[in-house]
Amino acid sequence: AGATGLTMSPLLDHTAPDIMKIITLREGKERSLLRRHPWVFQGSIAKGGADAGETVRVQAHDGKFLAWAAFSPSSQIRVRAWSFDEAERIDAAFFQQRVQEAVALRQRLAIDSDGIRLIHGEADGLPGLIVDQYGDLLSAQFLSAGMERWKDVIADALVAVTGCPYLYERSDSGVRGLEGLEPIKGWLRHPETADGSRRSTEVTIHENGWKLTLDVAEGHKTGYYLDQRDSRGLFAKLVRQFKCKTVLNCYSYTGGFSVAALEGGATDVTSVDSSGPALARASAHVTLNGYEASAHTALDADVNGSLRAFIKEGRTFDAIVLDPPKFAPSAAHADRASRAYKDINRLAFKLLNPGGLLLTFSCSGGIGGELFHKIVAGAGMDAGVDGYLLKRLEATPDHPTTITFPEGEYLKGLVIVRK
Ligand code: SAH
């Protein structure tokens, strides 16, 4: 019965939304699903189709069950697997359980902050869903056709499991276009109020003992970059240990690394970013955390140009952070991105005092850790400086990767001490 889809027929199960559609793969194309990798590309499909986000049964060319999945008619990633267990039902209870499991992991991780990534897409068995908790606020991105279809069920589960009454949707990311979805942003869940008023979208979170503010409606992504929490904490310690006084924080966003530098004892911190609102918040964070406004300079400028200008001026720094946006959205962009990474790292090495610290990152999934190391090594060669590799950095553990989905590993960083 399984092979014909009969067990899922609405005649036998009154809760099934409609008759289960079947996607049959080309011969040999079942391997990746058999290894529990959750994606099937368009070219692997022999026959079958469904509506956007509809649950389908994916089978091998010989009819063998492979996965229950969400279909996405306009995406290159045509199918995203929900489950590899034929006995599983993809229904509200299924999603509630996935949400519960994801939140339970974060509780066991015992993260010392009230800004936490609760759901990290594929790694949590919820492809296309990102949810961050900021205090009593949840901020979510629904980025795939399957997630769009189950949005209401997920929203209810999130509020029920976390007890957070406020859920804001930030599905205004460009990647939704690849799934044939429009950008959407606004409150998804909000308690009723007598006068219809709404909670402010501003919230203050606590990270490494600092107060940081964000606006879930206006900030980047869901509002903040939680994946760098541990690296920011480490930076504060390193700045103190290496007695860094002058610090350059490139791609600062709202200045998390700048506050870290001040905590570490830096006396002259420069934040560079091309976003004015982010920089205004960076400056506000300096005084909010009890540091002198005069210890911080906010520079609304392009990083590459600023680094070149600093070199011309003969300025140098005791510590530099390079945390650029994703230069390589996919492996196809790796070449151009490699040159861009090499360029900024070369410039940073030139600006670094002997004995100074460089924290350099790449959040491009298309640039692996080994390649990133090579790029940075090449940059050091070109700048004529060598350094000790103190430590390799990665995203915080609330942004987990699974062993079956290596693509999930995106953020990598190096801590280098200049010789
Ligand atoms: N380090 C930050 C996160 C950085 S995200 C933190 O800890 O929170 C990347 C930042 O780079 C964004 O704030 C974006 O506005 C900025 N950015 C992107 N392109 C830039 C450019 N060419 N020059 C300067 N800033 C840029």
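Here is a short walk through the ligand site and the second largest pocket of this predicted model.

Let's start at the ligand. Around the ligand sit 15 residues, and those that come nearest are Arg232, Asp273, Asp302, Val303 and Asp323. Sorted by class, this shell holds 7 nonpolar, 4 polar and 4 charged residues.

Now look at individual atom pairs. Arginine 232, one of the nearest residues, places a polar side-chain atom 2.7 Å from an oxygen atom of the ligand. Valine 303 is also among the nearest, but here a polar backbone atom takes part, lying 3.0 Å from a nitrogen atom of the ligand. Tyrosine 251 likewise offers a polar backbone atom, which is 3.2 Å from a nitrogen atom of the ligand. How much of the ligand's accessible area does the protein cover? On its own the ligand has 580 Å² of accessible area, and the protein covers 87% of that.

From here, let's turn to empty space. Rolling a probe the size of a water molecule over the atoms reveals where such space remains. The second largest pocket contains about 320 Å³ of space. It is lined by 19 residues, and Arg98, Glu122, Ala123, Asp124 and Gly125 are the closest to its centre.

Which elements build this lining? Strand S6 (77-83) and helix H2 (92-109) each contribute at least two residues to it, and H2 gives the largest share, with 5 residues. By class, the lining of the second largest pocket comprises 9 nonpolar, 4 polar and 6 charged residues.

Methods:
Residues numbered from 1 in each chain as written. Predicted model: local features only at pLDDT ≥ 70, side-chain atom pairs only at ≥ 80, totals over all residues. Heavy atoms only, no water. Near = heavy atom within 4 Å. Polar contact = N/O pair within 3.5 Å; in protein donor to acceptor, adjacent residues only side chain to side chain. Areas by Shrake-Rupley, 256 points an atom, 1.4 Å probe, with all protein chains shown as cover. Nonpolar A, V, L, I, M, F, W, Y, C, P; charged D, E, K, R; others polar. 1 Å grid on protein atoms, 1.4 Å probe; cavity = no way out; pocket = protein on both sides within 12 Å on 5 of 7 lines; lining within 4 Å. Points joined across faces, edges and corners; volume = space filled by probe spheres on them. Helix = DSSP H or I, 4+ residues; strand = E, 2+ residues; numbered from the N terminus.
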